[in-house]
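The following exercises invite the reader to work through selected features of one structure, each with a solution in steps. Please keep the sequence and the model in view throughout.

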Amino acid sequence: MCIRDRVYRAPQAGALRLSAGAVVADVGAKYAAPSVRDMDGDGRADLVVGSNEGDLRVFRQESGGTFTAQGSVGGATLNQMGTNALVGGHNSVPVWHDVNHDGVVDLIVGQLEFGSPVPVDSPAFPYKAELQEFLQYTKQNHLELYPHIYVHNFVSDAQEKQEIALHKQAFEKLGLPWTMPGTNQHTWRINFPDRLQTLRNENEQGIWFNFGFTPSHTPTEPRLGTDYIWGLPFLLTKDKSGSDQPMLIYTPAPVLRKTGESSTVDIYDSYIKRDMPIDYFEHIEYHFPARVGELEEFASFLDDIRNQYDYNFMTETQMARSFLTTLKTQVTVKRTWADYIMDEVKDRISGKGLHLSLTIGADTSAVPKQAAEYANTPGVVVEKGEKYEPYSLAAKSDVYTERSGKLYLGLAREAQLHIGKPAEEAHIVRANVPFELDTRESGTWKLNLQAAGLQQIKIYSPSGLTIPGNPADIKLEQDAATGMYTLTRYGDKTTISLSLKK
């Protein structure tokens, strides 16, 4: 619906009696809010009209009293649509006044804002008590907070730098550490004209991973578009700045839909078959109070994946640190001449079968500091290939498991690999946090967990396993049929003693 501005003329003197209105301008939008201002200095009053669209449209008064559209009032920078029109919200209402008394009339615009009008670190923030309660909760539960960057597609380089600096300032005022944080984009937006501007500016402020954004000029969004279905984490290559800080890129998994033509369950099946990581992103507040069942549905779905396929639950920051270690670790596979000769002799003596002895190690010296305690958590997957397919592989390592013919090895220390029947000995199957394992005392493990939050360790112990003292903060689940024990704890870094039965 278009609204037309009408002018009602009054007589020069006497009681106010308005004549019939006459259309002078077709604004082309709802809720027209006109103001009068000589915009071109010709001595004639022009119209500046706000509307629901948010811009201010100028209609120049010609010498004959008619009005001609002149476009919108423009600013020095681009708006979110990529034009210079001044747009800050909806339902704009212009007012002209010399605000700072410098003799120059200023423009004031009332409008419905596109964002929160009060920063969280402002003394005027209306929910300070609730914010402090939330921040205290994150500290008590060892949750790492990082900035959720909000920019539009055409924000200038200078404006974007300032926006990220204000994020950092807010963290400092609230007493939050800005220690090598990551981010994802609010509304997914990054800069359009310069495809790397947003990522570069974030990186310059110490942000080293971004796991949620829409690449420039891409029409679909993460979690919804087919462009993002099979994403793998990667490091941006260095630009001309030559910064040594890494910038790790990844994308969230699709929205879970379990039924109908739009079901995404098959996509998750493909992740599992390919050992791909799953980064599930959700605004949980959207589901309260009436749609909590949806939260329970996808939490249960992902928990089934964890338990059935030995995935680990991790925070996004923990996942990023693990990725960084994987991408920057150099894996070595060694076979000494002595092992080679011994394997050859065994092959000839036995007359059947193959023998193979390998040592697999990891050089983590190039892993950047951003990986923190995860810098010593590399691992590999060993696929036997056609030649060794008929044979079993056995490993000597703190962490290993076999599934679907593939052997998964942790490489915090060198691992030994050979063809043969796996030994029936206790070992860790999976862990969602870094650890050090001390097995020097017979029948006793000392497990030093090196990251706070949710801690879960799955252990194979064919003869049994107990935790002396039965600590109340540790949940120990046993699957008697398989000899598997799952230890779950929430809390700070700690050392746990385990007793292995003989």
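**Exercise 1. Strand pairing and an open sheet**

Task: Determine in which sense β17 and β20 pair, and place the two strands in their sheet.

Solution. The model under study is a predicted one.

Step 1. Four bridges join β17 and β20, and the pairing is antiparallel.

Step 2. One residue pair illustrates this pairing: K396 has Q416 in β20 as its bridge partner.

Step 3. The two strands belong to an open sheet of four strands with antiparallel pairing, in the order β14-β15-β20-β17.

Step 4. β14 (330-334) and β17 each have a single partner strand and stand at the edges, so one side of each is left without a neighbour in the sheet.

Step 5. From one strand to the next, the twist averages 25°.

**Exercise 2. A second open sheet**

Task: Establish the strand order of the open sheet that contains β21, β24, β26 and β27, and identify which strands stand at its edges.

Solution. Step 1. The order is β21-β24-β27-β26, and the pairing is antiparallel.

Step 2. The edge positions are held by β21 (427-431) and β26 (474-479); each has a single partner strand, and therefore one side of each lacks a neighbour in the sheet.

Step 3. The average twist from one strand to the next is 20°.

Step 4. β26 and strand β27 (residues 484-491) run antiparallel and are joined by six bridges. Within β27, T488 is the residue opposite K475.

**Exercise 3. Salt bridges**

Task: State how many salt bridges a search of the whole structure finds, and examine individual pairs.

Solution. Step 1. The search finds 24 salt bridges. As a general principle, side chains of opposite charge can pair when their charged atoms come close.

Step 2. The cut-off for such a pair is 4 Å between a side-chain nitrogen of Lys or Arg and a carboxyl oxygen of Asp or Glu. R413 and D398 meet this condition, with their closest N and O atoms 2.4 Å apart.

Step 3. This pair links distant parts of the chain, its members being 15 residues apart. R413 lies in the loop between β19 (406-410) and β20 (415-419), whereas D398 lies in the loop between β17 (393-396) and β18 (400-403).

Step 4. Both residues are partly exposed: R413 has a relative accessible area of 46%, and D398 has one of 23%.

Step 5. Salt bridges with shared partners also join D40, D42, R44, R60 and E62 into one network. Within this group, D42 forms a salt bridge with R44 at 3.1 Å between the closest N and O atoms. D42 is partly exposed at 28% relative accessibility, as is R44 at 27%.

Step 6. A further salt bridge connects the side chains of E294 and R291, at 3.0 Å from N to O. E294 counts as partly exposed at 33% relative accessibility, and R291 counts as partly exposed at 41%.

**Exercise 4. A pocket and a cavity**

Task: Describe the lining of the second largest pocket and that of the largest cavity.

Solution. Step 1. The second largest pocket has a volume of about 430 Å³. It is lined by 21 residues, of which R223, V255, E282, H283 and Y286 are the closest to its centre.

Step 2. Helix α5 (residues 292-309) supplies the largest share of this lining, namely three residues.

Step 3. By class, the pocket lining has nine nonpolar, six polar and six charged residues.

Step 4. The count of cavities of 30 Å³ or more comes to one. The largest cavity holds about 50 Å³ of space.

Step 5. Among the residues that line the largest cavity are Y228, I229, Y250, Y271, M276 and D279. By class, its lining has nine nonpolar, two polar and one charged residues.

**Exercise 5. Backbone exceptions**

Task: Locate the cis peptide bond from F288 to P289 and the positive phi values of T187 and A372.

Solution. Step 1. Most residues other than glycine have a negative phi, and most peptide bonds are trans.

Step 2. The bond from F288 to P289 is cis, with omega near 0°. P289 is situated in the loop between α4 (265-273) and α5.

Step 3. T187, although not a glycine, has a positive phi of about 65°. T187 lies in the loop between β10 (184-185) and α3 (197-204), and is partly exposed with a relative accessible area of 31%.

Step 4. A372 is likewise not a glycine and has a positive phi of about 50°. Its place is in the loop between β15 (357-363) and β16 (379-383). With a relative accessible area of 32%, A372 is partly exposed.

Terms used:
Residues are numbered from 1 along each chain as its sequence is written. This is a predicted model: local features need pLDDT of at least 70, side-chain atom pairs count only at pLDDT 80 or more; totals for chains, interfaces and linings use all residues. Side-chain values use heavy atoms; hydrogens and water are left out. Buried means under 20% relative accessible area, exposed over 50%, partly exposed in between (1.4 Å probe, protein chains only). Two strands pair if DSSP finds at least two bridges between them. Axes are lines fitted to C-alpha atoms, for helices over the stretch in contact, and angles run from 0 to 180 degrees between N-to-C directions. On a 1 Å grid over the protein atoms alone, a cavity is a set of points where a 1.4 Å probe fits but cannot get out, and a pocket is an open set with protein on both sides within 12 Å along at least five of seven lines; lining residues have an atom within 4 Å of a point. Grid points are joined across faces, edges and corners, and a volume is the space filled by probe spheres set on the points. Ala, Val, Leu, Ile, Met, Phe, Trp, Tyr, Cys and Pro count as nonpolar, Asp, Glu, Lys and Arg as charged, and the others, Gly among them, as polar.
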